[in-house]
Amino acid sequence: MPPRAPPPEALENPVTDVCLSCICEASSGCDASLRCNGDVCGMFRITWAYWADAGKPVQQGDAPDSQNAYANCVNEPYCAARTVQGYMRKFGQDCNGDGRIDCFDHAIVHKLGGYNCKNQVPIVYQSKIDECIQRKANEYGVARQ
């Protein structure tokens, strides 16, 4: 019997809100005041290449090819979250080999990129993800996100 396809909403937004909040916490402490610093921007610390791979989401009224579209999007929390969703639609995969694609995998792909997710995750980032997921699981009374 072939595996069942995920429900359409899972393909639309593969990353749960809980997982997005943990990726945000691990990336920057979810500091909404962060702007661009070097080659990363916003509280998810998104690069231009990541944004482009995500499909160049934009704020209303912006064009994907406008000069400020990248910074305008990834410095705004909701557009930045849409960027993460778009990136995971393209690159989401089972990075840790446990047979499912879950928040741990999304967090690894976010940090290491779609082609490097089997590599070693920085321990500080990994521990922040693990701690956040455990805390959220306790708050919501569920085992994993």
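The following exchange introduces a predicted model through its aromatic pairs, helices and selected residues.

Trainee: On what basis are the residues numbered and the features accepted?
Mentor: Residues are numbered from 1 along each chain as its sequence is written. As the model is predicted, local features need pLDDT of at least 70 and side-chain atom pairs pLDDT 80 or more, while totals for chains, interfaces and linings use all residues, and side-chain values use heavy atoms, with hydrogens and water left out.

Trainee: How many aromatic pairs are there?
Mentor: A pair of aromatic rings is described by the distance of the centres and the angle of the planes. Rings of Phe, Tyr and Trp (its six-membered ring) pair if their centres lie within 6.5 Å; planes under 30 degrees apart count as stacked, over 60 as edge-to-face and the rest as tilted. By this rule, the count is 5 aromatic pairs.

Trainee: Why do the rings of tyrosine 50 and tyrosine 87 count as they do, and what is the pair called?
Mentor: The ring centres of tyrosine 50 and tyrosine 87 are 3.8 Å apart. Their planes stand at 5°, so the pair is stacked.

Trainee: How many residues apart in sequence are the parts that this pair ties together?
Mentor: Helices, numbered from the N terminus, are DSSP runs (H or I, at least four residues). Tyrosine 50 belongs to helix 3 (residues 48-53) and tyrosine 87 to helix 5 (residues 77-91). The pair therefore ties together parts that are separated in sequence by 37 residues.

Trainee: Is tyrosine 87 buried or exposed?
Mentor: Buried means under 20% relative accessible area, exposed over 50%, and partly exposed in between (1.4 Å probe, protein chains only). Tyrosine 87 has 5% relative accessibility, so this residue counts as buried.

Trainee: Which class fits the rings of tryptophan 51 and tyrosine 70?
Mentor: Tryptophan 51 is in helix 3 and tyrosine 70 in helix 4 (residues 69-74), 19 residues apart, and both are buried. Their ring centres are 5.7 Å apart and their planes at 55°, so the pair is tilted.

Trainee: What angle do helix 5 and helix 6 make, and what is their arrangement called?
Mentor: Axes are lines fitted to C-alpha atoms, for helices over the stretch in contact, and angles run from 0 to 180 degrees between N-to-C directions. Angles under 35 degrees count as roughly parallel, over 145 as roughly antiparallel, 65 to 115 as roughly perpendicular and the rest as oblique. The axes lie 10 Å apart at an angle of about 100°. The two helices are therefore roughly perpendicular.

Trainee: Which residues of helix 6 make the contact with helix 5?
Mentor: Contact means heavy atoms within 4.5 Å. Helix 5 contributes Val84, Tyr87, Met88 and Phe91. From helix 6 come His106, Val109 and His110.

Trainee: Does the expected span of helix 2 agree or disagree with its end C-alpha atoms?
Mentor: The expected span is 1.5 Å times one less than the number of residues. For the 12 residues of helix 2 (residues 17-28) this should be 16 Å, and the end C-alpha atoms are 16 Å apart, which agrees.

Trainee: Which residues does glutamine 126 contact, beyond its neighbours within four places in sequence?
Mentor: Glutamine 126 lies in helix 7 (residues 123-140). This residue is buried, with a relative accessible area of 18%. Leaving those neighbours aside, its contacts are Phe104, Ile108 and Val121.

Trainee: Which residues does asparagine 72 contact, with the same neighbours left aside?
Mentor: Asparagine 72 lies in helix 4 and is partly exposed, with a relative accessible area of 36%. Leaving aside neighbours within four places in sequence, its contacts are Gln59 and Asp62.
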